[in-house]
Each structure stands twice: as structure tokens, then as C-alpha cells.
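I opened a fresh page for this entry and meant to look up how protein and DNA meet, and then how the protein copies are arranged.

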2 protein chains.
Amino acid sequence: MSHLGYPCFMAIDRDHVLRSAAALLTRKSTATMDEVAKAAGISRATLHRHFAGRDALVRALEQLGIAECEGALDRARPEEGSAAEAVRRLVREIQPAAGLLAFLYGENQLWEGDRQHEGWQRLDARIGALFQRGQRGGEFRIDLTPVWLTEALYGLIASCAWATLDGRVAARDFPTMIAELLLGGALRREEP
Amino acid sequence: MSHLGYPCFMAIDRDHVLRSAAALLTRKSTATMDEVAKAAGISRATLHRHFAGRDALVRALEQLGIAECEGALDRARPEEGSAAEAVRRLVREIQPAAGLLAFLYGENQLWEGDRQHEGWQRLDARIGALFQRGQRGGEFRIDLTPVWLTEALYGLIASCAWATLDGRVAARDFPTMIAELLLGGALRREEP
DNA sequence: CCCAGATGAGACATTGCTGTCTCATCTGGG
DNA sequence: CCCAGATGAGACAGCAATGTCTCATCTGGG
């Protein structure tokens with residue numbers, strides 16, 4: 001045991017378990033603790049040593065999802081350049097976390113409670129601010145509220161993640177499909 | 001008992017149970033059979049007399065959702081006028097079923113099986129055909145596939161249904177928010 | 001080597017939901 | 001009135017997943 005009070009490899013182990021769980025739960029959101037353990041290559045006992053219970057596991061996944069989103073948002077530099085380009089960067093950066101987000105998006109348990117994780121509010125605010133910047137700069141239309149645009153972004157990410165799992169959308173098209181639909185819509189642009 | 005083999009009021013009763021269940025499960029997808037029964041104002045025993053089990057109930061809801069979608073599609077007259085207007089009509093007609101669709105959309109159980117209800121395929125085909133018509137007519141851009149546009153439509157409907165439940169989007173804005181985002185996107189159009 | 005700590009396998013009780021059953025009660029048509 | 005059929009209330013066992021426990025085993029640092 002290290003001086004930290006836990007073995008130095010536990011951190012990466014925990015991360016590995018979380019990512020396996022995310023990958024599995026994306027495909028089968030009702031997977032058992034036993035299935036999650038098997039997917040991570042550990043026993044159910046060890047899984048319970050890492051996470052007190054299923055609820056704790058989901059909460060940890062929520063935390064991970066929030067962190068991934070914030071990382072993606074940081075890397076996308078939402079204040080920089082045109083808002084449209086910032087949205088494209090954001091979608092591109094967020095793709096690796098799309099499966100996890102799709103799972104969390106469908107986990108009603110996280111939202112029905114009287115109060116949800118503050119991290120989501122912070123994310124909503126940051127993404128909403130990006131859309132607002134686009135509106136103020138005359139780049140985005142103003143008849144769609146930033147709140148709705150943010151919500152729609154989440155919805156499209158989840159849709160595309162599931163469509164990708166089913167093979168209805170190619171993974172390499174993920175960023176384009178979402179960003180182009182969200183930004184430009186289905187209507188053809190008039191040639192200038 | 002009527003000559004039909006069941007009381008004449010059972011049909012409407014069954015429909016009432018289904019709609020109550022849809023309304024409840026939209027808010028809490030993990031609701032118990034007991035909660036569903038209470039929400040419909042009947043006992044659990046009677047609920048089991050109508051639907052053999054939870055699975056049968058979900059399947060019946062799926063059937064209802066498909067029927068509502070097909071009805072909305074029929075009323076939207078997807079072959080008539082511009083494709084964009086047809087999409088707007090479709091979204092407007094589908095709004096009453098949005099909550100049910102959002103529930104079904106998150107019910108992975110319906111999709112993970114090796115084969116899903118053929119009704120969805122028929123719906124996908126009809127909606128996809130609408131988008132394809134818009135593309136062929138030069139109205140819609142061709143770099144977003146009809147399959148993805150269909151998927152995105154479902155996703156936006158589910159997103160907006162949940163956002164409406166949470167009060168983040170007004171119910172009266174539902175058709176506009178979805179149709180305008182799907183058709184026009186966030187970017188402002190250049191003035192002609 | 002020695003041992004603390006981590007792990008895997010499995011036993012175990014508990015819990016919440018399900019599906020089925022019975023029985024008393026209600027209701028509407030004949 | 002009479003009765004078939006529907007209903008509500010509740011009992012009951014079954015089941016699947018959870019959470020806790022023990023114990024044998026493995027592993028790495030000192």
C-alpha cells in the first residue's frame with residue numbers, strides 16, 4: 001500500500017472500470033452489476049469495493065460525463081473565432097464521450113430528483129453562452145432560444161450516438177452530421 | 001357481456017389505461033405496474049387482466065405510438081406541397097404523441113432485440129421518403145442523408161418533449177422549435 | 001521470505017417487483 | 001330479482017438483482 005492510503009494502480013483501475021461500464025451501459029442501459037463487472041474483467045465483489053452500489057456507479061459515470069464535456073468544451077475554445085466554428089469544434093471534441101452522454105441522457109433517475117448535479121447547469125450555461133454569442137454577433141438566428149439550442153445539441157448527440165451503434169450512421173460522419181444539421185438545417189442554402 | 005365476447009366499454013377503458021400509462025411512463029420510465037395501475041385509477045389485478053405483464057404493456061404502448069405516428073403522418077399529407085411545409089405539418093400533428101414517443105425512444109428493450117416492430121421500419125421509410133422528396137426537388141441539401149434526418153427528427157422530438165416536461169420549452173413552441181431547427185438550423189439566413 | 005492489502009469465488013439474506021391466485025363486492029342486462 | 005362478468009383488495013410464491021459477508025488465493029514492497 002502506498003503512502004496515499006491506496007495502491008497507486010487503483011486510480012487507473014477505477015478509470016478502466018468506469019470506461020468499460022460506460023461502453024456496456026451505452027449498449028444495454030439495464031445491465032446488471034455482474035455484467036458490468038464481467039465487462040471490466042473483474043469480479044462483482046471488487047466492483048462493489050470500488051463503487052458502493054449501482055447508484056454510486058451511475059453517479060461516478062455522471063461525474064465522468066460532466067468532466068469529459070467540460071474538457072471538450074475547454075478544448076473547443078468556445079469564445080474564439082466564429083460561433084459556428086466553435087460549435088463544430090465542440091461537436092468534434094465531444095464525440096468520444098457521445099456514448100456515455102447518450103446513456104446518461106436516458107437515465108431519468110438523474111433528472112427526476114429535485115436537484116441534479118450542478119455540473120450540468122454549469123455546462124448548460126457555457127453552451128448556452130456560446131449560442132448567445134452567436135446570436136449577439138448576428139451569426140445565429142434569434143427565434144430559437146439558447147436553451148433550446150443547447151437541449152437540441154444534447155438530443156442530436158444522443159441520437160447520433162445510438163444511430164452510430166446501430167450502424168445507421170458512420171462514426172466518421174458523426175461531427176459533420178450533428179454540426180451541419182444543428183447549424184444549417186435541412187434546407188438548402190441559396191447560392192450567393 | 002356483449003355479443004363481441006367482451007363488454008363494450010372495455011375498449012375505451014383499455015385506451016384510457018394506455019394513455020395514463022404513457023403519461024406516467026413519460027415522466028418516470030421505471031414506474032411500477034402498481035404505479036401504472038394507480039395512475040389509471042384501477043387496481044393492479046385489473047391492469048394484469050388487460051395486459052398480461054409489463055412487457056405486454058410496453059408492447060401495447062409501442063403499438064399505440066406507431067399508430068399515432070402513422071395517423072400524424074397521414075394527416076400531414078407528406079406528398080403534398082413543399083417538403084418543408086410537409087415537415088412542419090408532420091411535427092405539428094405528432095406533438096400530442098411526443099411524450100409517448102420520448103418514452104419509447106428511451107426503451108432500449110425495444111431496439112436491442114434482434115428484430116423490432118416492423119411498424120417502425122414502415123414509419124422510417126415514409127419519413128425518409130419525405131426527406132428524399134425534398135432533396136430530389138432541390139429543396140433540401142443532399143449532404144445529410146434521409147436516414148440521419150429521420151433519426152434527428154426523432155431525437156429532436158424526444159428532446160423537446162422532455163424539455164417541455166421540465167418547463168425549459170413552452171408547449172406552444174414545440175412545433176416551431178423542432179421544425180425550424182430541423183429545417184433551417186441555427187445559422188441566420190442571409191437576407192435576399 | 002513475510003505480510004498487508006487486493007482480489008475472485010461464492011454463500012447468504014434482503015429487497016422490490018412480478019405474476020397468479022382467491023374471494024368478496026359491485027354492476028348492468030335480461 | 002338473478003346472475004354473469006368485471007372489479008378491488010389482498011395474499012402468496014417466485015425471481016432477479018442487490019448488498020454484505022467469508023475465505024482462500026494472489027501479488028508486490030520491504
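**Notes on the DNA surface**

I began with the helices, and found that α3 (44-50) of chain A and α3 (44-50) of chain B each supply at least two residues of the surface near DNA strand C. I should keep in mind that this is a predicted model. Of these elements I noted α3(A) in particular, since with four residues α3(A) gives the most to the surface near DNA strand C.

Next I looked up which residues come nearest: among the 17 residues around DNA strand C, they are S43(A), T46(A), T32(B), M33(B) and R44(B). On the DNA side, sugar and phosphate make up 60% of the atoms of DNA strand C that come within 4 Å of the protein. Sorting the surface near DNA strand C by class, I wrote down five nonpolar, six polar and six charged residues.

**Single contacts**

I then went through individual side chains, and for R49(A) I found an N or O atom of the side chain 3.1 Å from a base oxygen of DNA strand C. In T32(B), a side-chain N or O atom is 3.3 Å from a phosphate oxygen of DNA strand C, and a polar side-chain atom of H48(B) lies 3.5 Å from a phosphate oxygen of that strand.

**The two copies**

Last, I checked how the chains are related, and chain B superposes on chain A by a rotation of 180° with 0.0 Å of shift along its axis, at an RMSD of 0.0 Å. The two copies are therefore related as by a two-fold rotation axis. In chain B, the C-alpha nearest the axis belongs to G185(B), 1.9 Å from it. I also noted that the same surface serves both copies, as 97% of the contact residues of chain B recur in chain A.

How values were computed: Residues numbered from 1 in each chain as written. Chains lettered and ligands numbered in written order. Predicted model: local features only at pLDDT ≥ 70, side-chain atom pairs only at ≥ 80, totals over all residues. Heavy atoms only, no water. Near = heavy atom within 4 Å. Polar contact = N/O pair within 3.5 Å; in protein donor to acceptor, adjacent residues only side chain to side chain. Nonpolar A, V, L, I, M, F, W, Y, C, P; charged D, E, K, R; others polar. Least-squares fit on C-alpha atoms with pLDDT ≥ 70 in both. Contact = heavy atoms within 4.5 Å.
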